[in-house]
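Subject: Handing over the model

Hi there,

Here is the structure I promised to pass on to you. My notes on what turned up in it follow below.

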Amino acid sequence: MIDHHELIADRGAERRFDSPVVQVVSSRDGKTFAAATADGELILIPRDELRNPDAWKVVEGHDGTLSLAQDCLENAFLTGGEDGKLLRTYADGRVDVLHEGKRWIECLASTTTHFAFSSGKQLELRKASEAHQTLKVLEHPSTVTGVVFDGKGKRVAASHYNGASMWFVQAKVDTVRPFEWKGSHIGIAIHPGGDALVTSMQENELHGWRLSDGHNMRMSGYPKQVHSMGFTRNGKWLATSGADAIILWPFFGGGPMGKPPVELARLPSLFVSAVCPNPKEDIVAAGFEDGTVLLAEIGGDDQRVLPLCSGQVKARGKVSSLAFTPQGGALIFGTEDGIVGVMDLSSQG
């Protein structure tokens, strides 16, 4: 028998929009959430108005949004679009055009000091303090499909066809460190301690490189493509979508090579479409293709799962993106059917 009461009703709110949600993110200060829709809207949700959808601000941004990221600033967001624009949107709804070109801006990443955005084969870097000026443009052998900075913000890496490329952000002379593996690499993640670089691939598997010596690592066995992945706060595990459970690859004790992954929160015949590890706790949020969102605790045999909302209770569509606040106490998710949901998970929530 299905329990029709959902935690989101007590702890949060949701609202449906007319376009699929491309990505969701929290601001660096944790005071505002943002959700980008495919048709170009950016929904701004103040943390203190989380349960009041009427107070959510909708900003018209792009003619088609492709990417969304935290800004370098504490309470602003970066978006890239099919219109060739890179926009900075502040929590109060003000918009600043940082770049206007002819090509789609497909990937974005930032630290507190720099941000990067890709158009085709080019990855452009800018300083936070000089957001309208190009610092450098890094050329890649094919279209950039993912961008990530390392934990210290000193290196930036990009995935592309036949591998990945890594660069030093502050280098006077830009020399690429190539990581080669034949095939189409469609996303990228870096270990928080800088131990490994991992890409998701077209072929329903992951590929990784140990950064100390470039040693190759293969992580396979997925029934579906991995569209979402993230390292846990201490780098012990890499959480991914692509199966009917959260898949956790061990990055300790010599792993992941030669070690089987751990499965969390298995829902037979339902596939995980998005994951997001909590930045403060050993917990992973997961979204499923039917719109179910849950929290799963990592550890031992006493794994605990907390359902937040169920696709069996209400049709929400495939979860496309999830994000915690940096403090870990609140969560946002978006779906392909245009649902944006937010929840306060803190003890005082």
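Which backbone nitrogen lies 2.9 Å from a polar atom of the side chain of Thr 292? That backbone nitrogen belongs to Gly 311. Please keep in mind while you look around that this is a predicted model.

Since you have Thr 292 on screen, here is the rest of its setting. Thr 292 sits in the loop between β25 and β26, the latter covering 293–297. Its relative accessible area is 7%, so Thr 292 is buried. Besides the link to Gly 311, the Thr 292 side chain makes a polar contact with the side chain of Asp 290, at 3.0 Å. Setting aside residues up to four places away in sequence, Thr 292 touches Leu 267, Ala 286, Gly 287, Cys 309, Ser 310, Gly 311 and Val 319.

Now the whole chain. The protein chain holds 1 helix and 30 strands. Its C-alpha atoms fill a box of roughly 60 × 50 × 30 Å along the principal axes. The radius of gyration is 19 Å, which agrees with the value near 20 Å for a compact globule, because the chain has 349 residues. Of those 349 residues, 55% are buried. If you count contacts between residues at least 6 apart in sequence, 46% of them join residues at least 24 apart. The accessible surface comes to about 15,000 Å², and 47% of that belongs to carbon and sulfur atoms. As for charge, the chain has 35 positive and 43 negative charges, and the mean positions of the two sets are 6 Å apart.

Asn 278 is another residue I'd like you to see. You will find Asn 278 in the loop between β24 (272–277) and β25 (283–288). Asn 278 counts as buried because its relative accessibility is 4%, under the 20% cut-off. Two backbone atoms pair with polar atoms of its side chain: the backbone nitrogen of Glu 281 lies 3.0 Å from one, and the backbone oxygen of Gly 328 lies 3.1 Å from one. Apart from neighbours within four places in sequence, Asn 278 is in contact with Arg 233, Ile 283, Phe 324 and Gly 328.

Thr 65 is worth a visit too. Thr 65 belongs to strand β6, residues 65–70. With 5% relative accessibility, Thr 65 counts as buried. The backbone oxygen of Thr 37 lies 3.5 Å from a polar atom of the Thr 65 side chain. Thr 37 also appears among the contacts of Thr 65 beyond four places in sequence, which include Val 22, Ala 36, Ala 38, Gly 40 and Glu 41, as well as Thr 79, Gly 80 and Gly 81. To place Thr 65 relative to the Asn 278 loop, take Glu 281: the C-alpha atoms of Thr 65 and Glu 281 are separated by 31 Å, with the two positions 216 residues apart along the chain.

What surrounds Leu 308? Leaving out residues up to four places away in sequence, Leu 308 touches Glu 6, Leu 7, Ile 8, Val 293, Leu 294, Leu 295, Leu 331, Met 343 and Leu 345. Leu 308 lies in strand β27, residues 305–309. The relative accessible area of Leu 308 is 0%, so this residue is buried. One of those partners, Leu 295, is 13 residues away along the chain, and its C-alpha atom is separated from that of Leu 308 by 7.4 Å.

Finally, some backbone details to check in your viewer:

- Gly 255 and Pro 256 are joined by a cis peptide bond, with omega about 10°. Pro 256 is in the loop between β22 (246–250) and β23 (262–264).
- Asn 162 has a positive phi, near 70°, in a residue other than glycine. Asn 162 lies in strand β15, residues 155–168, and is partly exposed, with a relative accessible area of 30%.
- Ala 265 also has a positive phi, near 55°. Ala 265 is found in the loop between β23 and β24 and counts as buried at 12% relative accessibility.

Happy browsing, and do write back with any thoughts.

Best wishes

Notes:
Residues numbered from 1 in each chain as written. Predicted model: local features only at pLDDT ≥ 70, side-chain atom pairs only at ≥ 80, totals over all residues. Heavy atoms only, no water. Helix = DSSP H or I, 4+ residues; strand = E, 2+ residues; numbered from the N terminus. Buried < 20%, exposed > 50% of the residue type's maximum accessible area, 1.4 Å probe, protein only. Polar contact = N/O pair within 3.5 Å; in protein donor to acceptor, adjacent residues only side chain to side chain. Contact = heavy atoms within 4.5 Å. Rg over C-alpha atoms; globule rule 2.2 N^0.38 Å. Areas by Shrake-Rupley, 256 points an atom, 1.4 Å probe, with all protein chains shown as cover. Lys, Arg positive; Asp, Glu negative; His and termini not counted. Charge placed at Lys NZ, Arg CZ, Asp CG, Glu CD.
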